[in-house]
Amino acid sequence: MAEPYHNPLVLPDNLPVPQDDGAARHLAGQRLPKLALQATDGSTIDLSGLPGRTVVYVYPRTGRPGVPAPDGWDAIPGARGCTPQSCGFRDHFAALQRLGVAQLYGLSTQDTVYQREAAERLHLPFSLLSDEKLVFANAMRLPMFEVEGMTLMKRLALVIDNGVVAKVFYPVFPPDRNAAEVIAWLSSR
C-alpha cells in the first residue's frame, strides 16, 4: 500500500539494496546508437554524436510531492530515489564540469512534459531526456523492470566519451550518492 504522503526528496532508511544482476555488463565499450531523444529544454539530443565527455544518469521515474508512488515502490530494490539522485547531480554540476564533463543529462521513460515539471521544480541546470518509447533502452539493452503496467529503466549512470561508454555505474545505491561516486571515479583518472 502506498504511503499517505509521498515525499520524493526523502529516502527511507530501510530500502532494499539492489544487487548486480549482470544486466549492464555488456555496456562498457559499447558505441551508442544514433537516436534522437527529446530534452526538457525543447531540443533533440543524439548522445552518440556528442563530442567530449558526457554523463547520463538513468533513473526509473521521478515522483511528485503529495502524489503516491506506485504500490510496493519502496520494496523494489533500487526503485526509490530518483529525485535525490537528480538533486545530487544538480548539486555537483559545477564539480563535474571542472572534471571535464561537457554534457550532463538525466534519462527516464517519462514523457518530456512530466520531466519538464520535475526539472523546473528541482532547479536542474541540465536537461532531462525522454525515452518514452524505450527506443534507446532497447537499442542499448538497458536493464528494465515493470510495475503497475509501466516498463521502467533500472538506475545506472554512464560516462560516455565521444559516443562510446567508458564507464558504467550499476547498480546505483544509495541514489543520492551517485554523483559523488561519478566524481570520485573521474578524479581518479
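**Entry 1: helix 3 and its surroundings**

I started with what helix 3 packs against, and its buried residues turn out to sit against strand 1 (37–39), strand 4 (101–108) and strand 5 (128–130). A reminder to myself before going on: this is a predicted model.

Which residues of helix 3 are the buried ones? Going through residues 112–121, I noted Thr112, Tyr114, Gln115, Ala118 and Ala119. They cover an arc of only 155° around the axis, so they end up on the same side of helix 3. I then turned to the other side of helix 3, where I found Val113 and Glu120 exposed.

Next I looked at the two ends. What caps the N-terminal end of helix 3? Aspartate 111 does, with a side-chain oxygen 3.1 Å from the backbone nitrogen of valine 113. After the helix comes histidine 123, and I wrote down its positive phi, near 55°.

**Entry 2: serine 130**

I followed strand 5 to serine 130, which belongs to that strand. Is serine 130 buried or exposed? Its relative accessible area is 9%, and since the cut-off for buried is under 20%, serine 130 counts as buried.

I also checked where its side chain goes. The side chain of serine 130 reaches the backbone oxygen of glutamine 110 at 2.7 Å. Then I listed its contacts, leaving aside neighbours within four places in sequence: Leu37, Gln38, Leu107, Ser108, Gln110, Asp111, Thr112 and Gln115. I recognised some of these from the previous entry: Asp111 is the residue that caps helix 3, while Thr112 and Gln115 are among the buried residues of that helix.

**Entry 3: helix 1 with helix 5**

Here I wanted the geometry of a helix pair. Two packed helices are described by the angle between their axes and the distance between the axes. For helix 1 (residues 82–91) and helix 5 (residues 178–187), the axes come within 7 Å and cross at roughly 45°. That angle makes helix 1 and helix 5 oblique to each other.

Which residues make the contact? From helix 1 I noted Gln85, Gly88 and Phe89, and from helix 5 Asn178, Ala179 and Val182. Sorted by class, the contact has 3 nonpolar, 3 polar and no charged residues.

**Entry 4: cis bonds ahead of helix 5**

I went back along the chain to the loop between strand 9 (164–169) and helix 5, where proline 171 has its place. The peptide bond joining tyrosine 170 and proline 171 is cis, with omega about -10°. Proline 174 also lies in the loop between strand 9 and helix 5. The bond leading to proline 174 from phenylalanine 173 is cis too, and its omega is near -10°.

**Entry 5: positive phi in two loops**

Last, I looked up two residues with a positive phi. Arginine 141 is not a glycine, yet its phi is positive, about 55°. Where is arginine 141? I found it in the loop between helix 4 (135–140) and strand 6 (144–147). Arginine 141 is exposed, with a relative accessible area of 52%.

Asparagine 162 is not a glycine either, and its positive phi is about 50°. I placed asparagine 162 in the loop between strand 8 (156–161) and strand 9. At 47% relative accessibility I put asparagine 162 down as partly exposed, because the label exposed is kept for values over 50%.

Terms used:
Residues numbered from 1 in each chain as written. Predicted model: local features only at pLDDT ≥ 70, side-chain atom pairs only at ≥ 80, totals over all residues. Heavy atoms only, no water. Buried < 20%, exposed > 50% of the residue type's maximum accessible area, 1.4 Å probe, protein only. Helix = DSSP H or I, 4+ residues; strand = E, 2+ residues; numbered from the N terminus. Arc of directions from axis to C-beta. Contact = heavy atoms within 4.5 Å. Polar contact = N/O pair within 3.5 Å; in protein donor to acceptor, adjacent residues only side chain to side chain. Axes fitted to C-alpha atoms, helices over the stretch in contact; angles between N-to-C directions. Parallel < 35°, antiparallel > 145°, perpendicular 65-115°, else oblique. Nonpolar A, V, L, I, M, F, W, Y, C, P; charged D, E, K, R; others polar.
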